[in-house]
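Let's take a walk through this fold together, moving from its charged contacts to its sheets and then to one of its pockets. Keep the viewer open as you read.

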Amino acid sequence: MQKIVVLSGAGISAESGIQTFRDANGLWEGHDVALVATPEGWKKNPELVLEFYNQRRKQLLEVSPNEAHKILVELETYFDVQIITQNVDDLHERAGSQKVVHLHGELLKVRSTNYPDIILDWKTDLKLSDTDIFGHPLRPHIVWFGEEVPAMQEAIQYTEAADILIVIGTSLQVYPAAGLMHYTMPEIPIFYIDPNPLNSIKISNPLHVISKKGTEGMAILKEKLLKEYCT
């Protein structure tokens, strides 16, 4: 069974109603990312950071996976599908994807500020008074700007072993995630789905650009993959 590796970004979740923040003004739901998505912001105003993620968590629980998420699940019938997502939502999992790596953490989890390996499922508001079993404060289980990406090496290994790479809904401007495609074997095809794709991608692989939103683009790609690889 051929291995598809999917690199997904905020664009795939946007059609479910989750806002992206890589826009022209650099805001995330009206907030400066430096205030809510950096270690410095956390140290300066933890109450603001907690409230921000509490609101994002509530929003996530109100939305559902869209057709793009569901098509990726359908492809598991024909391919070995490994998803590497920059998203902190759980829409891939809720759609039914079996193998998902979160590069930037997960919104529905929190972790100890002293022991990063203590990670808890969390679907309600997180308060400053919430602690781990040792009494240390909890923080959102999010990889903030300026922090190490713990899952990066795992993601590289999956990408190196890919037979097909799908890039969907990502600006390809957030590193190190944006550099993952350069770890593929040079002969494997890369399918890039985005309504406004970058024109400056420098890569030797066969590159197939589908200039559509995630749901429409994945429908087109599904038919193409089944025709080329499964007939």
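How many salt bridges does a search of the whole structure find? There are nine salt bridges in this model, which is a predicted one. A few of them make good starting points for a tour.

Begin with Lys3 and Asp80, whose side chains meet in a salt bridge at 3.6 Å, N to O. Lys3 sits in strand β1 (residues 3-8) and Asp80 in strand β4 (residues 80-85), so this contact ties together parts that are 77 residues apart in sequence. Are the two partners buried or exposed? Lys3 has a relative accessible area of 12% and is therefore buried, since the cut-off for buried is under 20%. Asp80, at 24% relative accessibility, counts as partly exposed. The pair does not stand alone: Lys3, Asp80 and Lys99 are linked in a network of salt bridges.

A second pair to look at is Asp125 with Lys58, where the closest N and O atoms of the salt bridge are 3.8 Å apart. This one also links distant parts of the chain, with Asp125 in the loop between β7 (119-121) and β8 (138-142) and Lys58 in helix α4 (residues 46-60), 67 residues apart. Asp125 counts as partly exposed at 27% relative accessibility, and Lys58 is partly exposed too, at 39%.

For a third, find Glu147 and Arg139, whose side chains form a salt bridge at 2.9 Å, N to O. Here Arg139 is buried at 8% relative accessibility, while Glu147 is partly exposed, with a relative accessible area of 23%.

Now let's turn to the sheets. Which order do the strands of the six-stranded sheet follow? This open sheet runs β5-β4-β1-β9-β10-β11, with parallel pairing. At its edges stand β5 (100-102) and β11 (207-210), each with a single partner strand, so one side of each has no neighbour in the sheet. On average, neighbouring strands of this sheet are turned by 15 degrees against each other, direction ignored.

Strand β1 is a good place to stop and look around. On one side, six bridges join β1 to β4, and the two run parallel. The salt bridge partners from earlier reappear here, because Lys3 in strand β1 and Asp80 in strand β4 belong to those two strands, and Lys3 stands opposite Asp80 in the pairing. Strand β1 is also joined to β9 by five bridges, again running parallel, and the bridge partner of Ile4 in β9 is Ile164.

How well covered is β1? Six of its six residues are buried. Lys3, Val5 and Leu7 point one way from the strand, and Ile4, Val6 and Ser8 point the other way. Both sets are buried.

Continuing along the sheet, strand β9 (residues 164-168) is joined by four bridges to strand β10 (residues 190-193), and these run parallel as well. Within this pairing, Val167 stands opposite Tyr192 in β10.

There is also an open sheet of three strands, in the order β7-β6-β8, and its pairing is antiparallel. Its edge strands are β7 and β8, each pairing on one side only. From one strand to the next, the twist averages 45 degrees. Four bridges join β6 to β8, which run antiparallel, and Gly105 stands opposite Ile142 in β8.

Strand β6 leads us to the second largest pocket. Which element gives the largest share of the lining of this pocket? Strand β6 (residues 105-112) does, with three residues. About 280 Å³ of space lies in the pocket, and 13 residues line it. Nearest its centre lie Arg111, His141, Val143, Pro150 and Ala151. By class, the lining has six nonpolar, three polar and four charged residues.

As a last stop, find Tyr158 in helix α7 (residues 152-160). Tyr158 counts as partly exposed, at 25% relative accessibility. If you would like a sense of scale, draw a line from Tyr158 to Val63: these two are 95 residues apart in sequence and 29 Å apart in space, C-alpha to C-alpha.

Conventions:
Residues numbered from 1 in each chain as written. Predicted model: local features only at pLDDT ≥ 70, side-chain atom pairs only at ≥ 80, totals over all residues. Heavy atoms only, no water. 1 Å grid on protein atoms, 1.4 Å probe; cavity = no way out; pocket = protein on both sides within 12 Å on 5 of 7 lines; lining within 4 Å. Points joined across faces, edges and corners; volume = space filled by probe spheres on them. Nonpolar A, V, L, I, M, F, W, Y, C, P; charged D, E, K, R; others polar. Salt bridge = Lys/Arg side-chain N within 4 Å of Asp/Glu carboxyl O. Buried < 20%, exposed > 50% of the residue type's maximum accessible area, 1.4 Å probe, protein only. Pairing = 2+ DSSP bridges. Axes fitted to C-alpha atoms, helices over the stretch in contact; angles between N-to-C directions.
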